[in-house]
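Here are my notes on the model, set out as numbered points. Please read them with the structure open beside you.

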Amino acid sequence: MIKRSLLILFSLFTCQTLVSAQELNARVQIQAPTVPNMDRRNLEVLETTVREFLNNNKWSNDTYSPQERIECNFVITITDWDGSSAYKAEAQLQSSRPVYASAYNSTLLNLSDKDFDFNYAEGQSLDFSDQTYISNLSSLLSFYAYTIIGLDKDSFSRLGGTPYYKKAATILNNAQVSPNKGWKAFDGLRNRYWLNENLLNKTFEDLRVFIYDYHFNGLDHLQDNTGRGVKKMITLLSGLKQMDKQKLGSIFPNFYFSTKADEVVNVFSIPTGDPTDRIKAYNLLVQIDPANINKYETLNQASTPLNQEIKNNQ
């Protein structure tokens with residue numbers, strides 16, 4: 001936590017006294033653009049309830065200052081309503097962490113959950129328990145709160161998110177009694193069950209270590225020495241080449257590479273003084289993440305003359 005404090009306080013103009021605070025700084029938007037007769041007041045009450053649940057609960061034993069709280073967004077779109085308390089919904093979830101010595105925030109999570117259905121009656125309290133299943137809404141929010149904290153921890157320390165993925169697993173296991181989709185293995189290949197399974201599966205530990213190295217030993221040092229930082233990232237990408245190609249379509253690598261593709265292109269587009277960096281990065285990225293090859297083509301196009309020159313000299 002000291003390293004995270006230094007990272008964020010570095011970018012502030014004034015230092016503030018460190019006080020205990022919750023972990024999340026969640027912005028919540030609930031909308032129902034296609035649902036007729038939806039009372040906007042109901043949505044506003046629900047929006048406030050969800051925001052307070054995420055921001056006011058204490059999800060760990062760590063002490064966070066207000067500046068350390070993890071920036072995250074929950075955009076919940078109601079797709080159907082029974083006129084009473086049953087909602088069918090989808091959610092877009094996003095979280096980020098600051099990059100040292102810059103005003104830039106790097107996205108860690110950008111994920112869509114198509115099965116965000118729940119029941120909620122106006123005035124109902126939204127209670128939290130990590131030991132028993134209370135409601136689908138509180139379980140959904142708790143599961144993603146722990147997952148967001150876990151990804152943040154993974155970006156600051158090697159495999160630091162494990163305790164929080166295990167807490168999310170407890171939420172998931174308790175929710176097996178729920179009739180709602182997304183909690184069980186047979187509900188689909190890209191749901192909450194498989195996200196948590198991937199995050200705790202040793203098969204994907206190399207990717208989790210990459211998250212730490214990419215952010216803590218890569219992005220956080222770009223301001224110090226851009227060329228060295230980029231080369232460090234190329235070395236890190238080289239280590240991911242050994243990942244089981246059959247696993248690349250799993251939910252964790254799929255959502256992670258989709259989340260980072262644009263950022264990675266921007267990083268490797270930075271002039272470093274070594275024109276081969278872009279070529280190396282492009283060749284590695286298309287092997288590791290072929291699903292986003294269209295985005296990486298920007299690097300290839302920028303390097304085309306040099307690629308041809310290298311071929312001519314071979």
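1. Two strands are taken to pair if DSSP finds at least two bridges between them, and helices (H or I, at least four residues) and strands (E, at least two) are DSSP runs numbered from the N terminus. This is a predicted model, in which local features need pLDDT of at least 70 and side-chain atom pairs count only at pLDDT 80 or more, whereas totals for chains, interfaces and linings use all residues. Residues are numbered from 1 along each chain as its sequence is written, and side-chain values use heavy atoms, with hydrogens and water left out.

2. On the overall make-up, the chain has ten helices and five strands. Of its 314 residues, 49% count as buried, where buried means under 20% relative accessible area, exposed means over 50%, and partly exposed lies in between (1.4 Å probe, protein chains only). The accessible surface is about 14,800 Å², with 49% of it belonging to carbon and sulfur atoms; these areas come from the Shrake-Rupley method with a 1.4 Å probe, and for residues only the protein chains shown count as cover. If a contact is taken as heavy atoms within 4.5 Å, then among contacts between residues at least 6 apart in sequence, 70% join residues at least 24 apart.

3. Turning to the strands, E3 (residues 86-98) pairs with E2 (residues 70-81) in the antiparallel sense over ten bridges, and E3 also pairs with E4 in the antiparallel sense, over eight bridges. Within the pairing of E3 and E4, Ser96 has Thr107 of E4 as its bridge partner. Strand E5 (residues 118-119) adds an antiparallel pairing with E3 over two bridges, in which Phe118 is the bridge partner of Tyr87.

4. Both hairpins contain a residue with positive phi. Four residues lie between the strands in the hairpin of E2 and E3, where Gly83 has a positive phi near 85°; six residues lie between the strands in the hairpin of E3 and E4, where Ala101 has a positive phi near 60°.

5. Which residue of E3 stands opposite Trp81? That residue is Tyr87, and the two rings also form one of the 17 aromatic pairs of the structure. Rings of Phe, Tyr and Trp (its six-membered ring) pair if their centres lie within 6.5 Å, with planes under 30 degrees apart counted as stacked, over 60 as edge-to-face and the rest as tilted. The centres of Trp81 and Tyr87 are 6.2 Å apart and their planes are at 15°, so this pair is stacked. Trp81 is buried at a relative accessible area of 18%, and Tyr87 is buried at 6%.

6. A tilted pair is formed by Phe252 and Phe255, at 5.9 Å centre to centre and 40° between the planes. Both residues lie in helix H8, three residues apart, which is about one turn of the helix. Phe252 is buried at 0% relative accessibility, and Phe255 is buried at 4%. Ring pairs join these two residues with Phe204, Tyr256 and Phe257 in a cluster.

7. Helix H5 (residues 192-200) has Arg192, Leu195, Asn196, Asn198 and Leu199 as its buried residues. They lie on the same side of H5, because they cover an arc of only 160° around the axis, the arc being that of the directions from the helix axis to the C-beta atoms. These buried residues pack against strand E4 (105-113) and against helices H3 (136-156), H4 (162-174), H6 (205-218) and H8 (251-268). At the N-terminal end of H5, Asn191 acts as the cap, with a side-chain oxygen 3.1 Å from the backbone nitrogen of Tyr193.

8. Leu240, in helix H7 (residues 226-240), is buried with a relative accessible area of 4%. Leaving aside residues up to four places away in sequence, Leu240 touches Asp206, Leu207, Phe210, Phe257 and Ile288. Its C-alpha atom is separated by 9.5 Å from that of Leu285, which is 45 residues away along the chain.

9. Two loop residues also deserve a look. Asn37, which is not a glycine, has a positive phi near 60°; Asn37 sits in the loop between strand E1 (24-31) and helix H2 (40-56) and is exposed, with a relative accessible area of 73%. Leu159, also not a glycine, has a positive phi of about 60°; Leu159 lies in the loop between H3 and H4 and counts as partly exposed at 22% relative accessibility.

Notes. A polar contact is a pair of N or O atoms within 3.5 Å; within protein, one must be able to donate a hydrogen and the other to accept it, and residues adjacent in sequence count only if both atoms are side-chain atoms.
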